[in-house]
Amino acid sequence: MPAETTWLLLRVAGLVALAALTLAAASGLAGPVVRAPAWRGVLIAVHRASALVGLSLTLGHVGLAVADPWVDVSAAAAVLPGASAWEPWWVGIGAVAVDLLLVVAVTSALRGRSPRTWWTLHVLTYPAWLLATGHALAIGTDAWSAPYLTAGAVGLVLVAAWLGCKQLLWRDE
């Protein structure tokens, strides 16, 4: 695959993965807040689907980063913070986000066997999402463009708003 194609796919996979993970975070927060059973079911389905798409694209993003000849990111650097020769801090932030997402994915797959473990570790999605957002805004090719910053700000506001709603409603119960 030509280097330009790898770079383009790497970039698109990362951006769409972040958008899907933002939707997963927002819909996951909204699910318990919404009281109507039909809408809650829709939000849970959206949450699961967008989380799966986001994780799949994140893994594709990582694989493409390892394959990309323009950046020096090894397979080890994809999961070990600080192991990258290229942008070690920001690749390390991305690696921690991937590690946390993998923990959540494995515990989600085993949810039926250990619901308490899943519930306890599922909150790791919040720092994983924040780290992924930071990684994207710091190291992304378009990181400082107006559309990119706008999308990042909208995502942050959306997730923060749902988190605030959830906390307010849970406090009343």
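These legends accompany several close-up views of a predicted model.

**View 1. Helix 1 and helix 2 pack against each other.** Let's start with the pair formed by helix 1, residues 3-33, and helix 2, residues 37-67. Their axes lie 7 Å apart and meet at an angle of about 155°. Angles over 145 degrees count as roughly antiparallel, so helix 1 and helix 2 are described as roughly antiparallel to each other. The crossing of this pair is left-handed.

**View 2. A nonpolar patch on the surface includes Val-12.** Staying with helix 1, have a look at Val-12, which is placed in this helix. Which residues form a nonpolar patch on the surface with Val-12? The partners are Leu-8, Leu-15 and Val-16, and the patch has about 290 Å² of accessible area together. Val-12 itself has 41% relative accessibility and therefore counts as partly exposed.

**View 3. Glu-87 sits in the loop between helix 2 and helix 3.** This loop residue is worth a pause for its backbone: Glu-87 is not a glycine, yet has a positive phi of about 45°. Is Glu-87 buried or exposed, or something in between? With a relative accessible area of 39%, Glu-87 is partly exposed.

**View 4. Helix 3 and helix 4 cross with a left-handed sense.** Here we move along the chain to helix 3, residues 88-109, and helix 4, residues 115-122. The two axes come within 9 Å and cross at roughly 155°. That angle makes helix 3 roughly antiparallel to helix 4.

**View 5. Ala-95 is a buried residue of helix 3.** Zooming in on helix 3, we find Ala-95. Its relative accessibility is 1%, which is why Ala-95 counts as buried; the cut-off for buried is under 20% relative accessible area. How far apart are the C-alpha atoms of Ala-95 and Ala-132? They are separated by 8.8 Å, while the two residues are 37 residues apart along the chain.

**View 6. Arg-116 is an exposed residue of helix 4.** Our last stop is Arg-116, found in helix 4. Arg-116 has 70% relative accessibility and so counts as exposed, a label that applies over 50%. Pick out Ala-85 as well: Arg-116 and Ala-85 are 31 residues apart along the chain, and their C-alpha atoms are separated by 39 Å.

Terms used: Residues are numbered from 1 along each chain as its sequence is written. This is a predicted model: local features need pLDDT of at least 70, side-chain atom pairs count only at pLDDT 80 or more; totals for chains, interfaces and linings use all residues. Side-chain values use heavy atoms; hydrogens and water are left out. Patches are made of residues with over 30% relative accessible area and no salt bridge: like charges are joined within 9 Å, nonpolar side chains (Val, Leu, Ile, Met, Phe, Trp, Tyr) within 5 Å. Accessible areas come from the Shrake-Rupley method with a 1.4 Å probe; for residues, only the protein chains shown count as cover. A salt bridge is a side-chain nitrogen of Lys or Arg within 4 Å of a carboxyl oxygen of Asp or Glu. Helices (H or I, at least four residues) and strands (E, at least two) are DSSP runs, numbered from the N terminus. Buried means under 20% relative accessible area, exposed over 50%, partly exposed in between (1.4 Å probe, protein chains only). Axes are lines fitted to C-alpha atoms, for helices over the stretch in contact, and angles run from 0 to 180 degrees between N-to-C directions. Angles under 35 degrees count as roughly parallel, over 145 as roughly antiparallel, 65 to 115 as roughly perpendicular and the rest as oblique. A crossing is left-handed if the near helix is turned anticlockwise from the far one by less than a right angle, and right-handed if clockwise.
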